[in-house]
Amino acid sequence: LAEDGEGGYYVNMLAQNTATLDITADDIANCVTSFNVYDDGVKEGKFSYNADGYLTVTAPKGYVLQVSGAVYSGNGYLSVFDGENSQATPLLQVNTFRDGYDIGTLISTDNAVTFYFQSTANYSSDVSTGLDLTIKLIKMDLALAKDGEGAYYVNMLAQNTATLNITADD
């Protein structure tokens with residue numbers, strides 16, 4: 001993870017490589033709650049430099065990963081797998097090149113996701129293809145929260161199973 005200079009964090013997908021990013025408990029203690037994933041070059045506004053690679057992101061146990069974002073204009077394949085490799089269940093597979101698209105919101109069922117992104121763009125600085133995703137870390141320990149109006153709530157988590165124990169102290 002690198003700081004973006006605006007209070008956030010990001011990681012670049014690297015062309016023709018396979019990489020793993022492990023989010024640690026120390027990262028979370030340092031207030032990392034989300035970060036962006038770019039293809040190589042997009043942070044500088046130059047978009048893809050012919051990115052073609054895998055990135056696996058893991059969080060500490062007890063967390064799931066929420067992924068949202070887009071592939072911007074031009075040609076790019078994107079697959080998001082629900083686990084630590086490309087053999088895991090796909091959360092998203094765009095197998096045909098097409099103009100830009102929004103991926104919606106995807107939530108892992110455990111603490112890892114794997115991305116595969118491929119672009120046919122060239123190495124020029126005016127390429128308009130790019131991958132720009134946001135990953136949020138969601139803690140699976142559910143608890144009652146105050147809604148600010150005297151009531152309590154708990155959020156249901158998509159595609160996951162969790163238990164909320166309401167105690168006598170509650």
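The following conversation goes through a predicted model and asks how some of its descriptions are reached.

Biologist: How many helices and strands are there in the chain?

Modeller: There are one helix and 13 strands, and along the sequence they follow the pattern β-β-β-α-β-β-β-β-β-β-β-β-β-β.

Biologist: Why is the pair Asp110 and Lys61 called a salt bridge?

Modeller: The closest N and O atoms of Asp110 and Lys61 are 3.6 Å apart, and the rule asks for a side-chain nitrogen of Lys or Arg within 4 Å of a carboxyl oxygen of Asp or Glu, so the pair qualifies. By this rule the count comes to one salt bridge.

Biologist: What parts does the pair tie together?

Modeller: Asp110 lies in the loop between β9 (101-107) and β10 (112-119), while Lys61 lies in the loop between β5 (52-58) and β6 (63-72), so the pair ties together parts that are 49 residues apart in sequence.

Biologist: Why is Lys61 called exposed and Asp110 partly exposed?

Modeller: Lys61 has a relative accessible area of 65%, and exposed means over 50%, so Lys61 belongs there. Asp110, with a relative accessible area of 39%, falls between the limits of 20% and 50%, and is therefore partly exposed.

Biologist: What makes Tyr152 eligible for a nonpolar surface patch?

Modeller: Tyr152, which has its place in strand β13 (residues 152-153), has a relative accessible area of 51%, and a patch residue needs over 30%, so Tyr152 meets that cut-off. Together with Leu144, Val154 and Ile166, Tyr152 makes a nonpolar surface patch of about 380 Å².

Notes:
Residues numbered from 1 in each chain as written. Predicted model: local features only at pLDDT ≥ 70, side-chain atom pairs only at ≥ 80, totals over all residues. Heavy atoms only, no water. Helix = DSSP H or I, 4+ residues; strand = E, 2+ residues; numbered from the N terminus. Buried < 20%, exposed > 50% of the residue type's maximum accessible area, 1.4 Å probe, protein only. Patch = residues over 30% accessible without salt bridge, like charges linked within 9 Å, V, L, I, M, F, W, Y side chains within 5 Å. Areas by Shrake-Rupley, 256 points an atom, 1.4 Å probe, with all protein chains shown as cover.
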